[in-house]
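Me: I would like to learn how to read a structural model one feature at a time, with the general idea first and the particular case after it. Could we work through it together?

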Amino acid sequence: MDASTRFDTQVVGAMPVIANYFDRMEMAATIDELVPWEGEVSLGALIEVLVLNRLLNPKAMFRIGDWAEKSAATDYFGLTAEQLNDDRLGRALERIAAHGDDVQAALVMKAVNAFDLDISQIHYDITTIELFGSYDCEDAVTPPQPLPSYGHTKSGRKNVKQLQQGLSVAGDGGVPISHLPLSGNESESKTHLENLKKLEKTVGKSAFLYIADTKLDTPQNLCQIYARKGKFLCGGAFQPKLKEQCLSLQRKFCKINYCSNSQRDWPAEKRDAYKGTEVEDVVESEVDGRLVRLKYRLIYIWSERRARDQAKTRERHVKRIQEEFEKIKRNLNKYSLTSKEAIVRRLEKAKGMYSEGDFFDYELRQRNGKFSLAFKLDSKKVSRRKKIEGVFVLKTNLARSTYPLSRLLELYRDQNCVERRFGDLKGRLAVSPMFLKKPERMAGLLYVLVWALMVMSLMERSVRKE
């Protein structure tokens, strides 16, 4: 070999593997076919670069062109770093925001055909995306896009605006099927109908099982699904009426042959036990101008682990309230505790710290200008709480003959596949911080992130199947 021969090497990492998934899903071709775009660079190529960037270098959208040049992405796509400038990528996000649902539906069908993906079981939940900085964008674009706003954040922060994102994933591998960008103050229970309409557009009106948490449990939501000839499984709000019914059914609880994945390798005697019972219930709501009456299965499940955890929480809260009562008792007639109004206010504040405050009864007496305090736990209330600890509610219109309690519990536990994908969005794919100001660009980036999540979850699914 000629000594003057020189070789240039470049590390491309996982790009060839990811590009193979792009090709199998026909991502760029699908985007170019469905989304109108004028420019010297294909919109499909621009979006594939953004998806690739999220999978390989999940950082804020800044100097994408420089990154693409260093990672050999420009060579692969036949582009230059200058062609991947912020202005062109921003306009690409705006266009995707307006046509993303059509692309999403097409990509899902491509994934179904290319990877034999089963979409008959769909899980839905929402999460929050916290934003930093000033967002004074009150004028929504057409079509309306989600707006940054204050709301109930998962982290408890009250001084930051946020967006919310609803995500529907297939039970098969947790692959994202559709998503719902939401304003930061949107009520979760009201998002289900819009999500169902979007799912029908994405996967068609073929019967699928819709699984969600307790926010689905409203008469309107359940009747809407039933009226569409759909199937649902959701957690139920454990309201006082249901607690009374649960107490009356205590003797009817039977063992459920179920074991969590984390305990499958444990000896049978060390696994947490599950018991359950069910009754039939009825709910009514108006759907499209007509009254719909739905009969469904109302199920009570008792979990040994849940009961153990709730017992520890109850004991901790009772101890904390009791300590506060003792502190008030020691300081009676001192400091600010010299009037009945001030003492009662402190006592009620202590009771209001936790729901276990209802267990406490107290008697405040005054003699010769001095106050004395006596308090005790109501043993009947404590006993009543113990009887329902570990119990949670499920609701479904699935047939009892084909879906026994063990199968329903297994299906509902699969709901954590949505939480795992939220973890991927906020961790590996770094949805925040965005460093975008326009709502339509934020909405466009959410589509890009979901498509990156699709590729990642399909890759994970393939590895697990092997």
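Reply: What follows is a short dialogue on a predicted model, taking up a helix, a strand, some backbone angles, the cysteines and a pocket in turn.

Me: Let us begin with helix α7, residues 191–203: how far apart are its end C-alpha atoms, and what span should its 13 residues have?

Reply: The way to read this is to compare an expected length with the one in the model: at 1.5 Å a residue, the 13 residues of α7 should span 18 Å, and the end C-alpha atoms are 18 Å apart, which agrees.

Me: Which residues of α7 are buried, and what follows the helix?

Reply: The buried residues are T191, H192, N195, L196, K198, L199, E200, T202 and V203, a list in which charged side chains such as K198 and E200 appear beside nonpolar ones such as L196 and L199. After α7 comes G204, which has a positive phi near 85 degrees.

Me: How should I read the two faces of a strand, and what is the case for β11?

Reply: In a regular strand the side chains alternate between the two faces of the sheet. In β11, which runs over residues 391–396, 6 of the 6 residues are buried; V391, V393 and K395 lie on one side, while F392, L394 and T396 lie on the other, and both faces are covered.

Me: Which strands pair with β11, and in what sense?

Reply: Strand β5, residues 231–236, pairs with β11 in the antiparallel sense over 4 bridges, and there C234 stands opposite K395. Strand β8, residues 290–303, also pairs with β11 in the antiparallel sense, over 6 bridges, and in that pairing W302 stands opposite V391.

Me: What should I make of a positive phi outside glycine, and where are A72 and K229 found?

Reply: Most residues other than glycine have a negative phi, and most peptide bonds are trans. A72 has a positive phi near 75 degrees and is found in the loop between α4 (64–70) and α5 (73–77), whereas K229, with a positive phi near 60 degrees, is found in the loop between α8 (219–227) and β5.

Me: Is each of these two residues buried or exposed?

Reply: A72 counts as buried because its relative accessibility is 6%, and K229 counts as exposed because its relative accessibility is 71%.

Me: How many disulfides does the structure hold, and why is C254 not bonded to C246?

Reply: The structure holds 0 disulfides. For C246, the nearest cysteine sulfur is that of C254, 13 Å away, and because this distance is too far for a bond, C254 is not joined to C246. C246 is also buried, with a relative accessible area of 0%.

Me: How does one find a pocket, and what volume does the largest pocket have here?

Reply: Rolling a probe the size of a water molecule over the atoms shows where empty space is left. The largest pocket here has a volume of about 790 Å³, and of the 32 residues that line the pocket, Y258, N261, R413, D414 and N416 are the closest to its centre.

Me: Which helices supply at least two residues of that lining, and what classes do the lining residues belong to?

Reply: Helices α10 (304–330), α13 (405–413), α14 (416–426) and α15 (439–465) each supply at least two residues, with the largest share, 5 residues, coming from α14. By class, the lining of the largest pocket has 17 charged, 11 polar and 4 nonpolar residues.

Conventions. Residues are numbered from 1 along each chain as its sequence is written. This is a predicted model: local features need pLDDT of at least 70, side-chain atom pairs count only at pLDDT 80 or more; totals for chains, interfaces and linings use all residues. Side-chain values use heavy atoms; hydrogens and water are left out. The expected span of a helix is 1.5 Å times one less than its number of residues. Buried means under 20% relative accessible area, exposed over 50%, partly exposed in between (1.4 Å probe, protein chains only). On a 1 Å grid over the protein atoms alone, a cavity is a set of points where a 1.4 Å probe fits but cannot get out, and a pocket is an open set with protein on both sides within 12 Å along at least five of seven lines; lining residues have an atom within 4 Å of a point. Grid points are joined across faces, edges and corners, and a volume is the space filled by probe spheres set on the points. Two strands pair if DSSP finds at least two bridges between them. A disulfide is a pair of cysteine sulfur atoms within 2.5 Å.
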